[in-house]
Amino acid sequence: TDIGGSSVSKSLVVTVQDTESPSLTTLSTLIVNLNSSGLVSILPDNVTTIESDNCAVTTRTLNQSDFSCTHLSTTLPVSLTIEDASGNAVSNTFDITVQDNVPPTITLNPIY
């Protein structure tokens with residue numbers, strides 16, 4: 001308002017966009033051991049060392065999380081992707097080695 005009592009107002013629309021991708025650091029290698037059923041599963045938290053975003057990370061996805069005896073003696077590349085609410089994403093790849101440290105068991109049936 002000026003000294004004469006005149007005033008003007010305008011409205012505008014402000015759009016805030018998040019175009020910054022999250023930041024992700026993972027282990028370079030993860031060694032896992034099969035359980036007695038010959039299976040093991042991993043979670044994103046098993047390999048994430050640092051993750052950050054200017055807003056918040058909303059999804060964490062591994063391209064493979066279940067492993068079995070068929071994966072023994074092989075180093076497998078696995079990718080972890082994190083995404084924020086705006087759809088900005090980043091991926092890191094790490095190596096996983098599957099080991100079997102469970103000794104076999106045998107059950108004998110008595111002969112009568």
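Trainee: Which side chain does the side chain of His-71 meet in a polar contact?

Mentor: The side chain of His-71 makes a polar contact with the side chain of Gln-64, at 3.3 Å. Please bear in mind that the model is predicted. A polar contact requires a pair of N or O atoms within 3.5 Å, and the 3.3 Å pair formed by His-71 and Gln-64 is listed as one.

Trainee: Where along the chain is His-71 found?

Mentor: His-71 belongs to the loop between β6 (66–68) and β7 (75–84).

Trainee: Is His-71 buried or exposed?

Mentor: The term buried applies under 20% relative accessible area. His-71 has 18% relative accessibility and therefore counts as buried.

Trainee: Which residues is His-71 in contact with, leaving aside its neighbours within four places in sequence?

Mentor: With those neighbours set aside, His-71 is in contact with Gln-64, Asp-66, Leu-76 and Val-98. Gln-64 thus appears in this list as well as in the polar contact with His-71. A separate pair to examine is His-71 and Gln-99: their C-alpha atoms lie 8.5 Å apart in space, while 28 residues separate them in sequence.

Trainee: How should one read separation in sequence for the protein as a whole?

Mentor: Take the contacts with a separation of 6 or more: 60% of them join residues 24 or more positions apart.

Trainee: How many helices and strands are there in the protein?

Mentor: The protein has eight strands and zero helices, and its pattern along the sequence reads β-β-β-β-β-β-β-β. The protein is more spread out than a compact globule, because its radius of gyration is 26 Å, well over the 13 Å that the globule rule gives for 112 residues. Along the principal axes, its C-alpha atoms fill a box of roughly 115 × 30 × 20 Å.

Trainee: What share of the residues counts as buried, and how much area does the protein expose?

Mentor: Of the 112 residues, 25% count as buried. The exposed area is about 8,100 Å², of which carbon and sulfur atoms supply 51%.

Trainee: Which residues form a nonpolar patch on the surface?

Mentor: Leu-12, Val-14 and Val-16 form such a patch, and together they have about 370 Å² of accessible area. Val-14 lies in the segment before β1 (23–26). Exposed means over 50% relative accessible area; Val-14, at 63%, is therefore exposed.

Definitions and conventions: Residues numbered from 1 in each chain as written. Predicted model: local features only at pLDDT ≥ 70, side-chain atom pairs only at ≥ 80, totals over all residues. Heavy atoms only, no water. Patch = residues over 30% accessible without salt bridge, like charges linked within 9 Å, V, L, I, M, F, W, Y side chains within 5 Å. Areas by Shrake-Rupley, 256 points an atom, 1.4 Å probe, with all protein chains shown as cover. Salt bridge = Lys/Arg side-chain N within 4 Å of Asp/Glu carboxyl O. Helix = DSSP H or I, 4+ residues; strand = E, 2+ residues; numbered from the N terminus. Buried < 20%, exposed > 50% of the residue type's maximum accessible area, 1.4 Å probe, protein only. Contact = heavy atoms within 4.5 Å. Polar contact = N/O pair within 3.5 Å; in protein donor to acceptor, adjacent residues only side chain to side chain. Rg over C-alpha atoms; globule rule 2.2 N^0.38 Å.
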